[in-house]
Amino acid sequence: MNLPVIIKFVIDLLAVLLLALGIKGLSKVKSAREANRLAAFAMSLSVVGLLSYYLGTSGIAIQSWIWIIIGSIIGSLFGAILAKKVPMTSMPETVALFNGCGGMSSLLVALGVAIFPISNSVENLDFFKSLINEVSISVSIFVGAITFTGSIVAMAKLQGWLSTPGWTQSKVRHFVNIVFAVASLIAFFDLINGNTSSIWLLVIVSSLLGIGVTLPIGGADMPVVISLLNSYSGIAAAAAGFVVDSQLLIVAGAMVGAAGLILTQVMCKGMNRSLVSVLFGGSLSAQSTASSGSGEYTNITSCSVEECALTLEAANKVIIVPGYGLAVAQAQHTLREVTKKLEQNGIEVVYAIHPVAGRMPGHMNVLLAEADVPYEQLKEMDVVNPDFPATDVVLVLGANDVVNPQAKNDSSSPLYGMPVLDVQEARTVFVIKRGMSAGYSGIKNDLFDLPNTSMVFGDAKKVLNDLIGELKDLGVGEK
Amino acid sequence: MSFVSLLWVLLLGSLLGLELIGKVPPTLHTPLMSGANAISGITMLAALTLIVKAEGNIPLLIIGSVSLGFALFNVVGGFFVTDRMLAMFSRKPSNKK
């Protein structure tokens with residue numbers, strides 16, 4: 001072992017250690033921000049380690065430097081700009097996009113190595129001579145392509161650029177995907193047999209498979225898919241690690257792969273769905289129209305903002321249930337103003353956070369944190385559920401499926417078994433909603449029919465603004 | 001490194017990941033997903049290797065460079081966006097847990 005090898009070994013070891021500490025730190029609110037920076041530092045350290053290794057051994061040609069600089073500057077610049085500009089509501093799409101690009105990167109590396117076998121490499125790697133390299137190239141391309149197209153489809157669906165085509169809800173999709181999967185397998189073995197040209201077949205069919213698998217999945221299940229694709233991008237990186245013989249890549253890729261799986265599991269649990277039913281069950285709305293057709297509301301009570309304000313003023317304890325609608329309306333700051341007024345009047349205000357409220361776990365926490373809501377006021381479902389019977393008023397803001405009592409009472413409902421917030425136990429429930437449209441699952445919400453539920457129709461932000469006005473008139477929050 | 005020892009690395013890395021991420025409050029799931037996603041851009045090292053070993057092969061240099069661009073888009077964007085999210089948590093003066 002010469003000096004550059006030892007240096008790289010030490011730096012890699014340090015980088016792995018810091019990445020592990022970073023991920024661990026990300027699991028605690030107090031240390032999360034530093035941990036994120038630590039991980040970023042570890043990543044830059046790994047680049048320094050690799051470059052110094054090549055400088056100390058084979059050297060790096062000027063030409064290589066030029067292409068390194070071009071690629072880095074363009075990639076970093078676009079990444080930084082997007083990260084700074086994107087609104088908080090679009091976080092899930094953004095993560096999906098970044099994720100897809102990571103997959104694309106692994107795909108391109110494997111493709112490059114496959115098309116242009118690198119000769120007389122430093123570690124004496126005989127690309128294309130060993131079966132292992134062929135396998136890792138194929139896996140890297142396969143997983144990388146699925147990650148890329150899957151993430152892009154997920155992003156497009158969340159952005160509303162892409163709807164769920166009708167045919168994807170029929171059984172045809174299984175047939176189509178099986179064809180793609182079998183074709184990938186054929187290309188895979190053909191490639192290992194030494195038929196290099198089948199690499200293009202592998203790229204094409206695995207890309208199609210990524211689209212075919214993601215396209216039928218309904219919006220409510222999208223976070224699960226993004227998390228799973230996040231796991232895939234880790235696997236793709238690990239496979240690329242086998243391609244270029246880098247332990248660091250394998251460790252980091254494996255860690256991310258494992259992380260994604262755990263998160264996926266957590267999300268599935270929150271929605272009481274198995275991963276299998278998310279992946280192969282199709283969109284929830286398609287099932288519901290078939291099974292529970294009781295779509296008519298019979299007992300809707302709607303009320304004015306003024307009535308809502310009067311009830312709030314008389315309350316002792318108020319629970320806010322935020323959902324995706326709050327994020328869409330960007331009403332978090334207005335909501336914070338309302339709750340500040342209530343608090344100034346001595347009313348206890350708590351936010352009930354369902355594990356899958358919004359489009360991602362923790363989505364609501366991020367949104368409310370942006371509006372300076374104290375962390376202690378955010379209560380998780382299990383903590384807050386026993387409190388509902390002793391609560392005077394519940395404000396449901398843009399949440400729907402997570403407060404649907406059907407999940408508890410109606411065993412024929414597709415939602416049945418999903419843990420929900422028991423808002424109906426409270427004395428009065430106000431649901432602020434634009435219209436009677438169904439939630440993301442497309443299922444009728446029995447809560448709206450209950451006698452203690454009143455609907456306040458309107459855009460969340462506008463209703464909350466009106467509410468501030470009404471509360472002012474009542475003298476709430478002024479000393 | 002032999003293939004077998006690389007497999008060991010894969011196995012231990014996976015176990016480490018499972019162990020590290022096992023206990024996270026739901027609040028941090030989005031930032032964690034985004035942070036882990038940034039780390040998956042570690043594939044930038046593979047892209048760098050490709051460029052360094054290209055030896056003047058222009059198509060390979062271009063593929064490597066594009067790959068590096070995609071990876072850094074993921075890494076830089078991912079860390080920035082995670083930081084933006086986490087900044088909102090740490091702004092609070094009374095941060096208990």
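## Helix α8 and its partner α5

Let's start in chain A, where helix α5 (residues 131-159) of chain A packs against α8(A) at an angle of about 155 degrees, the two axes lying 8 Å apart. Angles over 145 degrees count as roughly antiparallel, so α5(A) is roughly antiparallel to α8(A). The crossing of this pair is left-handed. As for what sits in the contact of α5(A) with α8(A), it has 17 nonpolar, 8 polar and 1 charged residues.

Keep in mind while you look around that this is a predicted model.

## α4 on α8

Helix α8(A) has another helix to deal with in chain A: the axes of α4(A) and α8(A) come within 9 Å and cross at roughly 25 degrees. Anything under 35 degrees counts as roughly parallel, and that makes α4(A) roughly parallel to α8(A). Here, too, the crossing is left-handed.

Which classes of residue make up the contact of α4(A) with α8(A)? There are 17 nonpolar and 6 polar residues, and no charged ones.

## α8 reaches across to chain B

Now follow α8(A) over to the other chain. It packs with helix α2 (residues 29-39) of chain B at an angle of about 25 degrees, and their axes are 9 Å apart. The two helices, α8(A) and α2(B), are therefore roughly parallel to each other. As α8(A) passes α2(B), the crossing is left-handed.

Which residues make this contact? From α8(A) come Ser227(A), Asn230(A) and Ser233(A), while α2(B) brings Met33(B), Ala36(B) and Asn37(B). Sorted by class, the residues of the contact of α8(A) with α2(B) are 2 nonpolar, 4 polar and no charged.

## Where the two chains meet

Stepping back to the whole contact between the chains, 97 residues come from chain A and 81 residues from chain B. On the side of chain A that touches chain B, at least two residues each are supplied by α1 (3-25), α2 (32-56), α3, α4 (91-115), α8 (222-244), α9 (247-271) and α15 (363-370) of chain A. Which of the helices gives the most? That would be α9(A), with 17 residues.

Chain A's side of the contact with chain B has 59 nonpolar, 30 polar and 8 charged residues. For the complex, the predictor gives an ipTM of 0.89 and a pTM of 0.78.

## A parallel sheet in chain A

Chain A isn't just helices. It also has an open sheet of 6 strands in the order β3-β2-β1-β4-β5-β6 (chain A), with parallel pairing. At the edges stand β3 (378-380) and β6 (453-457) of chain A, each with a single partner strand, so one side of each has no neighbour in the sheet. Ignoring direction, neighbouring strands of this sheet are turned by 25 degrees against each other on average.

For one pair up close, take strand β4 (residues 393-397) of chain A and strand β5 (residues 428-433) of chain A, which pair in the parallel sense over 5 bridges. What is the bridge partner of Val394(A) in β5(A)? It is Val429(A). Elsewhere on the sheet, α15(A) lies across β1 (317-322), β2 (348-353) and β3 of chain A, and runs at about 145 degrees to β2(A). That same α15(A) is also among the helices on the side of chain A that touches chain B.

## How confident is the predictor?

Chain A has a mean pLDDT of 84, and 90% of its residues reach 70 or more. Among its elements, the highest mean pLDDT (93) belongs to helix α3 (residues 62-85) of chain A, and the lowest (44) to helix α11 (residues 284-291) of chain A. The pLDDT is below 50 over residues 120-125 of chain A, a stretch with 5 contacts in the model beyond near neighbours in sequence. It is also below 50 over residues 285-294 of chain A, and that stretch has 15 contacts of this kind.

Chain B has a mean pLDDT of 83, with 85% of its residues at 70 or more. Among the elements of chain B, helix α1 (residues 3-21) of chain B has the lowest mean pLDDT (84), and helix α3 (residues 44-52) of chain B the highest (93). Residues 92-97 of chain B have pLDDT below 50, and beyond near neighbours in sequence this stretch has 10 contacts in the model. Where pLDDT is low, the predicted coordinates shouldn't be read in detail.

Note on methods. Residues numbered from 1 in each chain as written. Chains lettered and ligands numbered in written order. Predicted model: local features only at pLDDT ≥ 70, side-chain atom pairs only at ≥ 80, totals over all residues. pLDDT = per-residue confidence, 0-100. Helix = DSSP H or I, 4+ residues; strand = E, 2+ residues; numbered from the N terminus. Contact = placed C-beta atoms within 7 Å. Nonpolar A, V, L, I, M, F, W, Y, C, P; charged D, E, K, R; others polar. Axes fitted to C-alpha atoms, helices over the stretch in contact; angles between N-to-C directions. Parallel < 35°, antiparallel > 145°, perpendicular 65-115°, else oblique. Left-handed = near helix turned anticlockwise from the far one by under 90°. Pairing = 2+ DSSP bridges.
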